[in-house]
Amino acid sequence: MQRLQQQIQGGPGSAFNPGFQGGFPPGPGGGSPGTPGLPAPPTSWGQAGPGSAGAVPPRVDAAAAYASQEAQLQGMGFTDRARNLAALEATHGNINAAVERLLSS
């Protein structure tokens, strides 16, 4: 009971003590202190983690990627191919959002 009171009041080694330097030891999967089992974060913003999740995907040709959606827009009466492709690219190929975008501009 005294130990609990001492921890609550900020005794040595207490989480309530402003000088507390505690944390979790590395978990079974490795990891950094304080995050059991999780890999350590990259040391700089430019580094990608395992699997290159932070890598920038290659640029895709919008005309090729959205050919079927562009044909649908043409069939709906949107005949400006450049505007159609820009709207499709901005909406990641979502035909409904592209139509809304074309109608609002």
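The following conversation concerns a predicted model of a protein.

Biologist: How many helices and strands are there in the protein?

Modeller: The protein has five helices and zero strands. Along the sequence, the pattern is therefore written α-α-α-α-α, with helices and strands taken from DSSP runs.

Biologist: What share of the residues is buried?

Modeller: Of the 105 residues in the protein, 19% are buried. The protein exposes about 8,000 Å², and 58% of that area is supplied by carbon and sulfur atoms.

Biologist: Which residues form the largest nonpolar core?

Modeller: This core has 10 residues, namely A62, Y66, L73, F78, A87, L88, I95, A98, V99 and L102. The elements that contribute two or more residues to the core are α4 and α5. Of the elements, α5 gives the most, with four residues. In soluble globular proteins, nonpolar side chains tend to be buried together.

Biologist: Let us take one of them. What does A98 touch, leaving out residues up to four places away in sequence?

Modeller: With those left out, A98 touches L73, A87, L88 and T91. Among these, L73, A87 and L88 are listed in the largest nonpolar core, as is A98.

Biologist: L73 has come up twice. Which residues of helix α3 are buried?

Modeller: Helix α3 covers residues 67-75, and its buried residues are Q69, E70 and L73.

Biologist: Why are they on the same side of α3?

Modeller: They are on the same side because they cover an arc of only 100 degrees around the axis.

Biologist: What do the buried residues of α3 pack against?

Modeller: They pack against α2, which spans residues 62-65, and also against α4 and α5.

Biologist: And which exposed residues are on the face turned away from the buried side of α3?

Modeller: That face carries the exposed residues S68 and G75. Just after α3, G77 takes a positive phi of about 105 degrees.

Biologist: A change of topic, then. Where is H92?

Modeller: H92 lies in the loop between α4, residues 81-90, and α5, residues 95-104. The phi of H92 is near 55 degrees, which is a positive value in a residue other than glycine.

Biologist: Is H92 buried or exposed?

Modeller: H92 counts as exposed, because its relative accessibility is 68% and the cut-off for exposed is over 50%.

Biologist: One last point, on contacts between residues at least 6 apart in sequence. What percentage join residues at least 24 apart?

Modeller: Among those contacts in the protein, 16% join residues at least 24 apart.

Methods:
Residues numbered from 1 in each chain as written. Predicted model: local features only at pLDDT ≥ 70, side-chain atom pairs only at ≥ 80, totals over all residues. Heavy atoms only, no water. Buried < 20%, exposed > 50% of the residue type's maximum accessible area, 1.4 Å probe, protein only. Contact = heavy atoms within 4.5 Å. Areas by Shrake-Rupley, 256 points an atom, 1.4 Å probe, with all protein chains shown as cover. Core = buried A, V, L, I, M, F, W, Y, C linked by side-chain atoms within 4.5 Å. Arc of directions from axis to C-beta.
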